[in-house]
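Please look at the sequence and the structure shown here, and keep both in view while you read. The report below moves from the ligand to the empty spaces and then to a few single residues.

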Amino acid sequence: MHVPFVDLKEQYLSIKEEIDNSIARVLENTSFIGGGIVDQFENSFAQYIGVNQCISCANGTDAIEIALEALGIGEDDEVLMPAYTWVSTASAVSRVGAKPVFVDVHPDFYTMDAAKIEEKITSKTRAILPVHFYGLPADMPGILSIAKKHSLLVIEDCAQAHGATINGQKVATFGDIATFSFYPGKNLGAYGDGGAIVTNNGDLASKARVIARLGQKGKHNHVAIGRNSRLDTLQAAILQVKLKYLNAWTKGRQQVAKWYNEALKEAFVKLPSVPEGFSHVYHLYVIQAEDRDGLKEHLKRNGIDTQIHYPKPLNQLGIFEHQGSFPVSDVMSGKLLSLPMYAELTKEQVEYVVNSIREFTK
Ligand SMILES: *Cc1c(COP(=O)(O)O)cnc(C)c1O
């Protein structure tokens, strides 16, 4: 049996007619940039998250950069963020001229460890940038209380956690501003690149919009030096269709995770942990295995595709200022393995993956 890591084709086929019609309408109108469909998607997505404002943009990395710039973060500022995340989170901070300051992650949840934040705060610290990693919300209650105590801004990187909640409250609504990616493999994915910035703060929203739209406030009224970062109309039309199915797909992912959790209980691997009151949307289903690389090879031989998110924590990339050691991130990057995860995975496929894992770890 072959079990792919993700299967975007199966998802497309399940909504093919609607998607094809939606694409055809854009082609007929030949309005490829901007227009009503982009506005509609921004409104729908803001409504889905439960915020007033959504500014769509070209990708999730741009979204972080634009959000930081809208907050006025730049030269001489420090931004606290997890040492273990996708490189975009840190490179966006560096790109605006600020310094990403790494905080180690929690050994059970893999998100930024709130207990290790305060020791990194200096007179230059301006903001905390938690990542809702693998689909699990970061410890927002802990992070918000530190932010409040030290008057720090909070930017949430929600690229891996569309629709995840803490006690029913959606991620992206905790901090000052939040960012999303619609990269095809994300929980809400376009058929190309896409991203968004969301906030309840109207002033921040208009700043972000001006930055992302070449400094324009209304046509030909350039009020700042901006950049060009747009979600194109085809992607907006696709996302508008797919957004309707996001909750159902999230439930599908959670069902797959439940199958994995139950069947892997007795295998010698550590399963994902979820704090009380948190909902995990399983962008990735990540286990810890002692012989991770051996297990990965074994699964590959059985036709099962897995991935490593990520082989190196940011402190090991050699592109950011050296900041000492991050023991949890350093160890986890050698043990974590992402198993196949998407809403359409069948129970039979999950059982096949689990049996292959047990064969190796028994
Ligand atoms: C995917 C991702 C991004 C960047 O998104 P792109 O759309 O690929 O630029 C940022 N942060 C995290 C945590 C991500 O997983």
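## The shell around the ligand

Sorted by class, the shell around the ligand holds four nonpolar, nine polar and two charged residues, where Ala, Val, Leu, Ile, Met, Phe, Trp, Tyr, Cys and Pro count as nonpolar, Asp, Glu, Lys and Arg as charged, and the others, Gly among them, as polar. The ligand is surrounded by 15 residues, and the closest are G60, T61, D157, S181 and K186; a residue is near a molecule if one of its heavy atoms lies within 4 Å of it.

The model is predicted, so to speak of local features a pLDDT of at least 70 is needed and side-chain atom pairs count only at pLDDT 80 or more, while totals for chains, interfaces and linings use all residues. Residues are numbered from 1 along each chain as its sequence is written, and side-chain values use heavy atoms, with hydrogens and water left out.

## Polar contacts and cover

Which side chains have a polar atom at a short listed distance from an oxygen atom of the ligand? An N or O atom in the side chain of T61 is 2.5 Å from a ligand oxygen, one in the side chain of S181 is 2.7 Å from a ligand oxygen, and a polar side-chain atom of Q160 lies 2.8 Å from a ligand oxygen. A polar contact is a pair of N or O atoms within 3.5 Å; within protein, one must be able to donate a hydrogen and the other to accept it, and residues adjacent in sequence count only if both atoms are side-chain atoms.

On its own the ligand has 380 Å² of accessible area, of which the protein covers 92%; such areas come from the Shrake-Rupley method with a 1.4 Å probe, and for residues only the protein chains shown count as cover.

## The largest pocket

The ligand sits in the largest pocket, a statement that requires more than half of its atoms to lie within 2 Å of the grid points of the pocket. The elements that give two or more residues to the shell around the ligand are α4 (60-70) and α5 (87-95), and α4 gives the most, with three residues. Helices (H or I, at least four residues) and strands (E, at least two) are DSSP runs, numbered from the N terminus.

About 510 Å³ of space lies in this pocket, and of the 27 residues that line it, W86, Y183, K186, H283 and Y310 are the closest to its centre. On a 1 Å grid over the protein atoms alone, a pocket is an open set of points with protein on both sides within 12 Å along at least five of seven lines, a cavity is a set of points where a 1.4 Å probe fits but cannot get out, and lining residues have an atom within 4 Å of a point. Grid points are joined across faces, edges and corners, and a volume is the space filled by probe spheres set on the points.

## Cavities

A search of the whole structure finds two cavities of 30 Å³ or more. The largest cavity has a volume of about 110 Å³, and among its 15 lining residues L8, Q11, R253, Y342 and E344 are the closest to its centre.

## Single residues

T173 is placed in the loop between β7 (169-170) and β8 (177-181). Its side chain makes a polar contact of 3.0 Å with the side chain of Q169, and the side chain of T173 also reaches the backbone oxygen of K170 at 2.5 Å.

The peptide bond from H309 to Y310 is cis, with omega near 10°.
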